[in-house]
Every structure is written in C-alpha cells, then in structure tokens.
Amino acid sequence: MKLVALFFTALVLISCGTKQKEAVTSKSEKGNIIAKTIGVGRLRVSLNRDIPLYRTAEDTVPFDTLLFSRHKSGEQKGAFMVSRTSANAVNPMDFYKGDSEHEAKDNISCGLVYFAPTLVFRMASLTNNGFEVVLDEDTFESAVIKQDEYHALYTTGEAYWQMDHNSGSSDCFWFLRELWEDYFKRVMFVSVDAPQIYDAPSGLLLYSSKHSGDFSIVALDGEWAKVTKLHIYGEDNKAFFPEEGWIKWTDGTTLLVDPIEEMYE
C-alpha cells in the first residue's frame with residue numbers, strides 16, 4: 001500500500017508540475033499589458049525579415065517573434081501576411097497587406113502604382129536600445145522591438161521615402177521611427193471633424209464649426225497642435241477664418257485628427 005501511495009503521490013506531483021509549466025509557457029507568450037496611451041509616436045517596419053519581440057529592453061531572449069509571409073496562390077497571391085510564433089493577435093495601429101499581383105496589375109494599368117504593404121505600431125515609449133510598441137490595439141499588449149544589426153533606422157525627412165524603395169523589396173530591412181510632431185509635419189495635412197480652433201493651448205475659442213476641416217500642423221504642445229492653412233468645408237466666408245490657431249490633436253489616448261499622407265487623382 002505504501003508503494004502504491006508513493007506512486008500515486010509522484011504522479012500527482014508530476015501532473016501538477018506539468019500543468020504549472022504549461023501555464024508559465026502560455027503566460028510567457030504574452031507581452032505586457034500597459035495602460036492605454038497615445039504614446040510618443042509611430043514605428044513602421046519593413047516586412048521582409050522576421051522581428052524578435054522582447055518583454056523588456058533588458059531581456060536577451062525574445063518571448064515571441066513577428067513572422068512575415070506572402071500568399072503563394074489564389075486571388076491574394078503576392079500580398080503579405082503578419083503573424084506571431086505564439087499565434088497571439090497582431091492588431092497594429094495601421095496595416096495594409098500590400099497589393100496582390102492581380103491588384104498591382106490593375107492599379108498600374110489604371111495609371112497608379114503598386115501599393116506596398118504598410119505595418120505601423122504605436123510607439124508607447126522609446127527604450128535605450130529600441131522601441132516599446134503596442135502589438136494589439138484592443139488589449140494594449142506591448143513588446144520591445146530592439147534596434148539590431150540588420151534593420152536600418154530611418155526618421156522623417158530621409159531620402160528613403162521614395163515610392164520605388166519600400167517594404168515590398170528584399171534589398172533592405174528597416175525601421176522608420178517617427179515622433180508625433182515629426183509625423184504630423186511630414187503628412188500632407190490632417191482632417192478634423194467639427195474643429196474647435198483656439199488662440200493658444202487651453203486658450204480662448206476663436207472659431208468652431210460643425211463641418212470638417214483640413215489643417216497643416218506646425219508644432220505640438222502636449223495634447224495641443226498649432227495649425228495653419230485652415231480650410232473648412234461647407235463654409236465660404238473665409239473672412240471669419242483665423243490664419244492660424246490651436247486644436248486638440250489627442251485626448252491622451254486616441255488621435256482626434258485624421259492624418260492624410262498622400263492622395264491620388
């Protein structure tokens with residue numbers, strides 16, 4: 001009986017140990033859940049080399065990996081797919097799969113271009129050797145992407161921003177790090193619904209409209225943006241428009257403006 005009891009006890013211990021290990025493994029595949037924040041900017045990455053994900057900047061072993069692949073057949077042949085080794089969600093700030101071979105052919109025949117894939121993560125913060133990004137915009141699961149020996153680091157204003165040099169090519173691996181102010185200065189303009197224009201951050205209201213408007217952002221001050229080149233749709237009396245002013249670009253967690261990077265006729 002003692003031998004049976006010892007054998008049963010051993011089985012229980014082994015079973016419990018296995019369950020505990022499985023739980024730890026499952027937990028280790030998840031990044032940190034952080035408080036919702038607008039963050040410090042955006043990180044765009046090329047989709048031609050898998051990217052290790054770290055829980056902290058000090059970790060030397062990744063807990064997960066971003067995986068990139070392309071559809072090999074069917075209607076979406078040539079378009080990109082993004083996944084993780086853990087099979088957990090990838091829900092970034094912005095993602096476009098890139099044109100499939102069929103879509104690219106149609107676009108080019110219409111006088112347009114091949115639209116390259118776009119993968120942009122919210123940058124929650126900068127680390128001493130990389131970037132803390134939000135992997136899932138629903139849960140705010142985050143991870144650290146480290147600057148490595150393979151990826152070139154670009155910032156706004158680099159010559160990189162040519163249509164013929166994008167993440168659809170395989171000759172370059174890169175990160176594009178843009179702080180919010182740099183990003184807003186790069187885009188064509190921002191669109192705002194029912195804008196409220198002030199003379200200064202938390203200042204006097206100069207103008208309000210129920211229509212949408214387009215603006216150029218020239219500076220940021222906390223949650224406020226200085227804007228110029230004001231255009232309000234549906235209102236023709238421009239004598240009442242201020243030449244410049246301040247609007248709220250964020251409430252601390254979400255964008256209150258819609259950046260327009262480029263337009264095609």
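Modeller: Let's start with burial: a residue is buried under 20% relative accessible area, exposed over 50%, and partly exposed in between (1.4 Å probe, protein chains only). What you're looking at is a predicted model, so local features need pLDDT of at least 70 and side-chain atom pairs count only at pLDDT 80 or more, while totals for chains, interfaces and linings use all residues. Residues are numbered from 1 along each chain as its sequence is written, and side-chain values use heavy atoms, with hydrogens and water left out.

Biologist: OK, confidence before anything else. What does the chain average in pLDDT?

Modeller: Quick reminder: pLDDT is the predictor's confidence in each residue, from 0 to 100. Here the average is 84, and 80% of the residues score at least 70. Residues 1–28 are below 50, and beyond near neighbours in sequence that stretch has 3 contacts in the model (a contact being heavy atoms within 4.5 Å). Residues 159–165 also stay under 50, with 14 contacts beyond four places in sequence. Where pLDDT is low, don't read the predicted coordinates in detail.

Biologist: Fine, I'll leave those stretches alone. On to aromatics: how many aromatic pairs does the structure hold?

Modeller: You describe a ring pair by the distance of the centres and the angle of the planes. Rings of Phe, Tyr and Trp (its six-membered ring) pair if their centres lie within 6.5 Å; planes under 30 degrees apart are stacked, over 60 edge-to-face, and the rest tilted. The structure has 7 such pairs. Take Tyr-183 and Phe-184: their ring centres are 5.8 Å apart and the planes sit at 45 degrees, so this one is tilted. Tyr-183 is buried at 4% relative accessible area, and Phe-184 is buried at 2%.

Biologist: And which class does the pair of Phe-184 and Trp-249 fall into?

Modeller: Edge-to-face, because the planes of Phe-184 and Trp-249 stand at 75 degrees, with centres 5.4 Å apart. Phe-184 is in helix H3 and Trp-249 in the loop between E17 and strand E18 (258–260), so the pair ties together parts 65 residues apart in sequence. Helices (H or I, at least four residues) and strands (E, at least two) are DSSP runs, by the way, numbered from the N terminus. Trp-180, Tyr-183, Phe-184 and Trp-249 form one aromatic cluster.

Biologist: Helix H3 again! Which salt bridge joins two residues of that helix?

Modeller: Side chains of opposite charge can pair when their charged atoms come close. The rule here is a side-chain nitrogen of Lys or Arg within 4 Å of a carboxyl oxygen of Asp or Glu, and the count comes to 10 salt bridges. In H3 (residues 180–186), Lys-185 and Glu-181 sit 4 residues apart, about one turn of the helix, and their salt bridge is 3.0 Å from N to O. Lys-185 is partly exposed at 46%, and Glu-181 is partly exposed at 27%.

Biologist: What about Glu-178, buried or exposed?

Modeller: Buried, at 2% relative accessibility. Glu-178 forms a salt bridge with Arg-186, the closest N and O atoms being 2.6 Å apart, and Arg-186 is partly exposed at 24%. There's also a bridge between strands: Glu-244 and Lys-226 meet at 3.6 Å, N to O. Glu-244 lies in strand E17 (residues 244–248) and Lys-226 in strand E16 (residues 224–232), so this pair ties together parts 18 residues apart in sequence. Back to Glu-178 and Arg-186: through salt bridges with shared partners, they join Arg-42 and Glu-261 in one network.

Biologist: Last topic, the strands. In what order do the 3 strands of the open sheet run?

Modeller: Strands of a sheet pair through backbone hydrogen bonds, either parallel or antiparallel. DSSP has to find at least two bridges between two strands for them to pair. The order is E3-E4-E5, with antiparallel pairing. Strand E3 (51–53) and strand E5 (80–84) are the edges, each pairing on one side only. On average, neighbouring strands here are turned by 25 degrees against each other, direction ignored; axes are lines fitted to C-alpha atoms, for helices over the stretch in contact, and angles run from 0 to 180 degrees between N-to-C directions. E3 and strand E4 (residues 64–70) share 3 bridges, and Pro-52 stands opposite Thr-65 in E4.

Biologist: Where can I compare the two senses of pairing on one strand?

Modeller: Look at strand E11 (residues 174–179), which runs antiparallel to strand E2 (residues 41–45) over 5 bridges, with Gly-41 opposite Leu-179. Strand E10 (residues 152–154) pairs with E11 in the parallel sense over 3 bridges, and there Ala-152 stands opposite Trp-174.
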